[in-house]
Amino acid sequence: MNKIIWTKTDEAPYLATFALLPVVRGFLKKGGIEVDLKDISLAGRILATFPDYLEEGQRVPDDLKELGELVEKKGTKIIKLPNISASVVQLKAAIEELQKKGYKVPDYPEEPQTEEEKKIHERYQVCLGSAVNPVLRQGNSDRRAPKALKEYVKKNPKAAGLPLRDWEKDSKAHVAHMEKGDFFEHEQSFTAERDMTVRIEFVDKNGNVKVLKDNLKVDEGEILSSTYISVKELKKYFEKEIKDAKDKDLLLSLHLKATMMKVSDPPIFGHAVTTFFKDVFEKYEKEFKEIGVNPNNGLVDLYKKIEKLPAEKQEEIKKAIEESYKNNPDLAMVDSDKGITNLHAPNLVIVDASMPVVIREGGKMWDKNGELKQTKALIPDRCYATMYKEIVEDCKKNGKFDRTTIGTVQNIGLMAKKAEEYGSHDKTFVLEDDGIVRIVDENGKVYTEHKVEKHDIWRAYSAKDIAIKDWVGLAVHRAKVTGFTTIFWLDNERAHDREVIKKVEKYLKDYDTEGLDIKILKPEEAMKETLKRFRAGKDTISVTGNVLRDYLTDLFPIIEIGTSAKVLSIVPLLAGGGLFETGAGGSAPKHIQQFIEQGHLRWDSTAEFNAVGATLEFMEQKEGHKKAGVMGRAVEKAVSTLLENEQWPGRKVGQLDNRGSQAYFTLYWAEALAEQNEDNELKEAFKPIAEKLRENIDTIIKEISESEGKPADIDGYYFPDEEKVTKAMLPSKTFVSILEEYLGEKVFN
Ligand SMILES: NC(=O)C1=CN([C@@H]2O[C@H](COP(=O)(O)OP(=O)(O)OC[C@H]3O[C@@H](n4cnc5c(N)ncnc54)[C@H](OP(=O)(O)O)[C@@H]3O)[C@@H](O)[C@H]2O)C=CC1
Ligand SMILES: O=C(O)CCC(=O)C(=O)O
Ligand SMILES: [Mg+2]
């Protein structure tokens, strides 16, 4: 019970852990709480998946599997830092790094031919895309900007970092979605009337039946839905919009979620690549086939693969690509200095994080010259594009948001039991031929049926009754606690949502909702209503499905407080435990790159601090752990002090970085514990620590800043040398000696 699990992840939050974990461990030990570390990093996942390829000393336990079992148990508390949801490109890079370091894990066979390759391919699926979150997220989600921070930013909008830019008069920026043939149009849905087992079948033109998925268990009351996107229509849409962007001189951008939607979105991305570079792909069809160019992996992969061709041919293809750029609209850039475009890799532009930036920048993205330019944002599917369209149109009409007056938008998201599209990977198929896809039960009864064409992308997804019931309860709870207007974003034009609405209406009756303002609106209407309130300084709770949870919890925090990294992200697990996610953002790859080059880590760990606070509060409330409560309140106080003193990390060398900010946090946490009067034992224990830290804080900060401005040697990216990371993240000898002496943490062996 008195144990918290901390997760080892990737990139910037992984680095930050090396400075923070010894502090958290050392502090909590004094309150009788243990902290255990579990590895869910991409490299760790790969090693755990292939023990048979490794030498004995290289093998690691499958921590994710263990965590997957623990989340089903009552007392489990996990602090989950963001981890990489790997694209194929990232997976291959991680494999290569491990191999170079002597770990003989197999290559990833992109197009497996032999039986052995097929097996390896299959095994690697647990490392690809969003492989961790769906396992751990066995509860619904409660995400919001912390109150103290929101209040602070209202008074000091500079604290939000990058400002919101003005929208030009008559801005042509807009969201373009498909008008037909998308997932939205084809959705079918039903609620199971009994526990049953269904299968997904494909019937070809000659009536031959192939089972795509067998033995799919469906619970009574579960909503099962299916749909497909017509690739013919998708390509027509890309063609039309690419031309329109060229005609209107708009910057073309594509916003997908190829990481989380690892089966459906890479091919959608691939179709954008082949449509944009149509001439190139048509002209070199034969060569590309031979060398295995896969457009789903973007231009990076294309450039790499053509290295197999003779130099002359390579040049010819590169020229053809250049020619294609000229004939097409400008592409949104990810890094204009390095010439990396939106179409270089499928994981570079991720819709939840990229669209808020479009809003922040006044409807613009960066072009090849590093200038901001109005963009046509392509978001193909209408299930989720329309609400972005609404906010863009609202900004064009009413101008940018004012951080000093806007309200807050919190979110309660349906996430438990792999809810909705985010749980669809194992039920998503790219069709190999024309035919019919249908869901059939044990008795041959057909529940959904779609006529599809070759290459169309079909998927099924579900929402369990128990998850929806819990989600409605959580929404009502938050509505009561806050008194905010609470809006369920559900679309009565979607078959799936119509089934969800029935349940919401049913379960709302279980509660006394007298005096609460709860309504159900479809996404664009919900956005309209929310924005009206938002601009008027009123607060709102958005209650959404899993995808909108993801999108809105980046969107509103980025507008309100400048980042989703500081969001409080709590997942009360259905089994009674708690998963405390740190922020709603990702793992900031740019930050680790800057750290390696300049020794400055601009990652802000406030979300990690807040997650520690929330976990301790949970332990007090749910488990009666008094000391945890005291320590949690001290965390809250420390975070407020950090904020008041503006001691968050700056972007550049010479400014305070993650390590400095963490050192201040440690000091304030110790001081808050030394000053409180709820628990004398803790007070006495922390007095000398607080004094020692206070005495030495200037030296500590100085020692940290002296380590900056030069490359940090951590020997790796996905699988760095941990001794080196420890040294790099704890460069202050003074700080380390306090950790060792006063907190009993052995930092270096
Ligand atoms: N829960 C999870 O595990 C999640 C994981 N991911 C994964 O993260 C990776 C990167 O995703 P991406 O979409 O680029 O999003 P990120 O959130 O990692 O980065 C977007 C930008 O937000 C800013 N930012 C994010 N977090 C912080 C922080 N703590 N402190 C300061 N600034 C911050 C940075 O801006 P700047 O560079 O301007 O400083 C950063 O470049 C992907 O591999 C993705 O799969 C993504 C979302 C959630
Ligand atoms: O799991 C992922 O790939 C990303 C999750 C995410 O973006 C979120 O939960 O906000
Ligand atoms: Mg997200």
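Author: Let's begin with a definition: the radius of gyration is taken over C-alpha atoms, and the globule rule is 2.2 Å times the number of residues to the power 0.38. Keep in mind that this is a predicted model.

Reader: How do you know that the chain agrees with a compact globule?

Author: For 749 residues, the rule puts the radius of gyration of a compact globule near 27 Å; the chain has 26 Å, so the two agree. Along its principal axes, the C-alpha trace spans about 80 × 70 × 60 Å. Within those spans, the chain forms 27 helices and 24 strands, and buried residues account for 54% of its 749 residues.

Reader: What makes Asp352 count as buried?

Author: Here we need the cut-off: a residue is buried if 20 or more other C-beta atoms lie within 10 Å of its own. Asp352 has 24 C-beta neighbours inside 10 Å, so Asp352 counts as buried. You will find Asp352 in helix α15, which covers residues 351-360.

Reader: And Asp554, why is that residue called buried?

Author: The reasoning is much alike. Asp554 has 26 other C-beta atoms within 10 Å, and the cut-off is 20 or more, so Asp554 is buried. Asp554 sits in helix α20, residues 546-561.

Reader: How do you know that Asp352 and Asp554 touch?

Author: Two residues are in contact if their C-beta atoms lie within 7 Å. Leaving out residues up to four places away in sequence, Asp352 touches Lys257, Asp550, Tyr551 and Asp554. On the same basis, the contacts of Asp554 include Asp352, Ala353 and Pro356.

Reader: Which residues does the UniProt annotation "binding site" cover?

Author: According to the unreviewed UniProt entry, the annotation covers Asp352, Asp550 and Asp554. Although they are spread over 203 residues of sequence, they cluster in space, with a largest C-alpha distance of 6.9 Å.

Reader: What surrounds ligand 2?

Author: Two of those annotated residues, Asp352 and Asp550, appear in its surroundings. The others around ligand 2 are Ser85, Ser130, Asn133, Thr259, Met260, Thr553 and Ala584. By kind, this shell divides into two nonpolar, five polar and two charged residues.

Reader: How many residues surround ligand 1?

Author: There are 19, and the closest are Ser85, Ala565, Gly585, Gly586 and Asp604. This shell divides into eight nonpolar, eight polar and three charged residues.

Reader: What confidence does the predictor give?

Author: The mean pLDDT of the chain is 96, and 100% of its residues reach 70 or more. For the complex, the predictor gives an ipTM of 0.97 and a pTM of 0.95.

How values were computed: Residues numbered from 1 in each chain as written. Chains lettered and ligands numbered in written order. Predicted model: local features only at pLDDT ≥ 70, side-chain atom pairs only at ≥ 80, totals over all residues. Near = placed C-beta within 6 Å. Nonpolar A, V, L, I, M, F, W, Y, C, P; charged D, E, K, R; others polar. UniProt positions renumbered as here; feature names shortened; annotations may be inferred. Helix = DSSP H or I, 4+ residues; strand = E, 2+ residues; numbered from the N terminus. Buried ≥ 20, exposed ≤ 12 C-beta atoms within 10 Å, placed from the backbone. pLDDT = per-residue confidence, 0-100.
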